[in-house]
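This report is a guided reading for someone who meets the structure for the first time. Please keep the sequence and the model in view while reading.

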Amino acid sequence: LDLSAYKKQENFKKWLMINYLMGYRADLLINELANEVLFENDKQCWHKCAKEDNINSAEQKLVIFKQHTKIADDFIKENKAFIEEVANMLIEKKSLIYEDLKNLLNNVRFTNEFPLFKIEE
């Protein structure tokens, strides 16, 4: 994906960084296990974004990483039923299209901390 048009939007950057943590955190919270190798890749992407955003000190990165992890965890806990339903559909159908998810998407609940953004060019 070419994300260059959105990279200047603060909410988009925060959203992207939090999304790098989501898969691992969902596995951990729902299945109580997670793939550490995949997490390392996502964590590297998170750190790359942090560096691009001039977050350089280790202390500052750790504080933001913890904040983002909490936001991801809260969002996942709030939407656990949705995640499990989509996972079951995926197991059954092997692939999903928008039509499969359209009605379910209305059930997604956003926490106050979860960054939302508008696509602006």
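Where is Lys94 found? Lys94 sits in the loop between helix H4 (80-93) and helix H5 (98-105), in a model that, it should be said at the outset, is predicted.

## The chain as a whole

The protein chain contains five helices and zero strands, and when it is read along the sequence its pattern is α-α-α-α-α. Of its 121 residues, 30% count as buried.

Among the contacts in the protein chain with a separation of 6 or more, 67% are made by residues 24 or more positions apart. An example of residues far apart in sequence is given by Arg25 and Ile76, which are separated by 51 residues in sequence and by 7.9 Å in space, C-alpha to C-alpha.

## Two loop residues

The loop residue Lys94 has a phi near 75 degrees, a positive value in a residue other than glycine. As background, most residues other than glycine have a negative phi. Is Lys94 buried or exposed? Its relative accessible area is 67%, and because exposed means over 50%, Lys94 counts as exposed.

Leu33 belongs to another loop, the one between H1 and H2, and is likewise exposed, with a relative accessible area of 57%. When its neighbours within four places in sequence are left aside, Leu33 is in contact with Asp27 and Leu28.

## Helix H1 against helix H2

H1 and H2 pack with their axes 9 Å apart and at an angle of about 170 degrees. Since an angle over 145 degrees counts as roughly antiparallel, the two helices H1 and H2 are therefore described as roughly antiparallel to each other.

On the H1 side, the residues that meet H2 are Leu16, Met17, Tyr20, Leu21 and Tyr24, and they face Glu36, Phe39, Asp42, Cys45, Trp46, Cys49 and Ala50 in H2. Sorted by class, this contact of H1 with H2 has 10 nonpolar, no polar and two charged residues.

## Helix H1 against helix H3

The axes of H1 and H3 come within 8 Å and cross at roughly 60 degrees, and H1 and H3 are therefore oblique to each other. The crossing of these two helices, H1 and H3, is right-handed.

Which residues in H1 meet H3? They are Lys14, Met17, Ile18, Leu21, Met22, Arg25, Ala26, Leu29 and Ile30, and their counterparts in H3 are Phe65, His68, Thr69, Ile71, Ala72, Asp73, Phe75, Ile76 and Lys77. By class, the contact of H1 with H3 has 12 nonpolar, two polar and four charged residues.

One of the residues in this contact, Arg25, lies in helix H1 (residues 10-31), and at 17% relative accessibility Arg25 counts as buried, because buried means under 20%. Not counting residues up to four places away in sequence, Arg25 touches Thr69, Ala72, Asp73 and Ile76.

## Helix H2 against helix H3

Helix H2 (residues 36-52) and helix H3 (residues 58-78) pack with their axes 12 Å apart, at an angle of about 120 degrees. That angle makes H2 oblique to H3, and H2 passes H3 in a right-handed crossing.

In this contact, Phe39, Lys43, Trp46, His47 and Ala50 in H2 meet Lys61, Ile64, Phe65 and His68 in H3. The classes represented in the contact of H2 with H3 are five nonpolar, two polar and two charged residues.

## Aromatic rings

How many aromatic pairs does the structure hold? The structure holds six aromatic pairs. One of them is formed by Trp46 and Phe65 and is edge-to-face, with 5.1 Å from centre to centre and 85 degrees between the planes. This pair links distant parts of the chain, since Trp46 is in helix H2 and Phe65 is in helix H3, 19 residues apart.

Both partners of that pair, Trp46 and Phe65, are buried. Elsewhere in the model, Phe75, Phe110 and Phe114 form one aromatic cluster, and Phe75 has already been named among the H3 residues that meet H1.

Key: Residues numbered from 1 in each chain as written. Predicted model: local features only at pLDDT ≥ 70, side-chain atom pairs only at ≥ 80, totals over all residues. Heavy atoms only, no water. Axes fitted to C-alpha atoms, helices over the stretch in contact; angles between N-to-C directions. Helix = DSSP H or I, 4+ residues; strand = E, 2+ residues; numbered from the N terminus. Parallel < 35°, antiparallel > 145°, perpendicular 65-115°, else oblique. Left-handed = near helix turned anticlockwise from the far one by under 90°. Contact = heavy atoms within 4.5 Å. Nonpolar A, V, L, I, M, F, W, Y, C, P; charged D, E, K, R; others polar. Phe/Tyr/Trp six-rings, centres within 6.5 Å; stacked < 30°, edge-to-face > 60°. Buried < 20%, exposed > 50% of the residue type's maximum accessible area, 1.4 Å probe, protein only.
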